[in-house]
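Here are a few worked exercises to try with the viewer open. Have a go at each task before you read its solution.

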Amino acid sequence: MVFLIEYDRPSGTLVQFRKFDDSERQIAQEARLELELKLNREGNHNREVVILEARDEETIRHTHARYFKGLAELADEWTAKQP
């Protein structure tokens, strides 16, 4: 699967999360480009736009947790793992 993520850096919030089948990779890339151009025209440089590939959404949520969890939640999880 292919995932398009728009993330607001200052607020640490997920703005957009879209899923595409592997066969729709070109559509995902075009959507990313369109979104980046729109944000650039608006002068919005605080947004991060990425395309990620993974087997499923659960994998993306695990490997790229910062897009889905708040800082406090990430810190709590990290602290819980410490010896």
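**Exercise 1.** Keep in mind that this is a predicted model. Is Arg61 buried, exposed or partly exposed?

*Solution.* Start with the cut-offs: buried means under 20% relative accessible area and exposed means over 50%. Arg61 comes out at 36% relative accessibility, so it counts as partly exposed. Next, look for its partner: Arg61 makes a salt bridge with Glu57, with 2.7 Å between the closest N and O atoms. Finally, place the pair: both residues sit in helix H2 (residues 57–63), four residues apart, or about one turn of the helix.

**Exercise 2.** Check whether the length of helix H1 fits its residue count, then work out where its buried residues point.

*Solution.* Take the length to begin with. H1 covers residues 25–41, which is 17 residues, and at 1.5 Å a residue it should span 24 Å. The expected span uses one less than the number of residues. The C-alpha atoms at its ends are 24 Å apart, so the two agree.

Now the burial. The buried residues of H1 are Ala28, Ala31, Leu35 and Leu39. Looking down the axis of H1, they fall within an arc of 65°, so they line one face of the helix. The spacing rule is handy here: an α-helix has 3.6 residues a turn, so residues three or four places apart point the same way.

What does that face touch? The buried residues of H1 pack against strand S1 (2–8), strand S2 (13–20) and strand S3 (47–53). On the face turned away from the buried side you'll find the exposed residues Glu34 and Arg41. Just past the end of H1, Gly43 has a positive phi of about 75°.

**Exercise 3.** Compare the settings of two salt bridges, Arg32 with Glu36 and Arg47 with Asp8.

*Solution.* Begin with the pair inside H1. The side chains of Arg32 and Glu36 meet at 2.9 Å, N to O. They are four residues apart in H1, which puts about one helical turn between them. Arg32 is partly exposed at 26%, and Glu36 is partly exposed at 31%.

Then go to the strands. Arg47 and Asp8 meet at 3.1 Å, N to O. Arg47 belongs to strand S3 and Asp8 to strand S1, so this bridge ties together parts that are 39 residues apart in sequence. Arg47 is partly exposed, at 25% relative accessible area, whereas Asp8 is buried, at 13%.

To finish, count up: the model has eleven salt bridges.

How values were computed. Residues numbered from 1 in each chain as written. Predicted model: local features only at pLDDT ≥ 70, side-chain atom pairs only at ≥ 80, totals over all residues. Heavy atoms only, no water. Helix = DSSP H or I, 4+ residues; strand = E, 2+ residues; numbered from the N terminus. Buried < 20%, exposed > 50% of the residue type's maximum accessible area, 1.4 Å probe, protein only. Arc of directions from axis to C-beta. Contact = heavy atoms within 4.5 Å. Salt bridge = Lys/Arg side-chain N within 4 Å of Asp/Glu carboxyl O.
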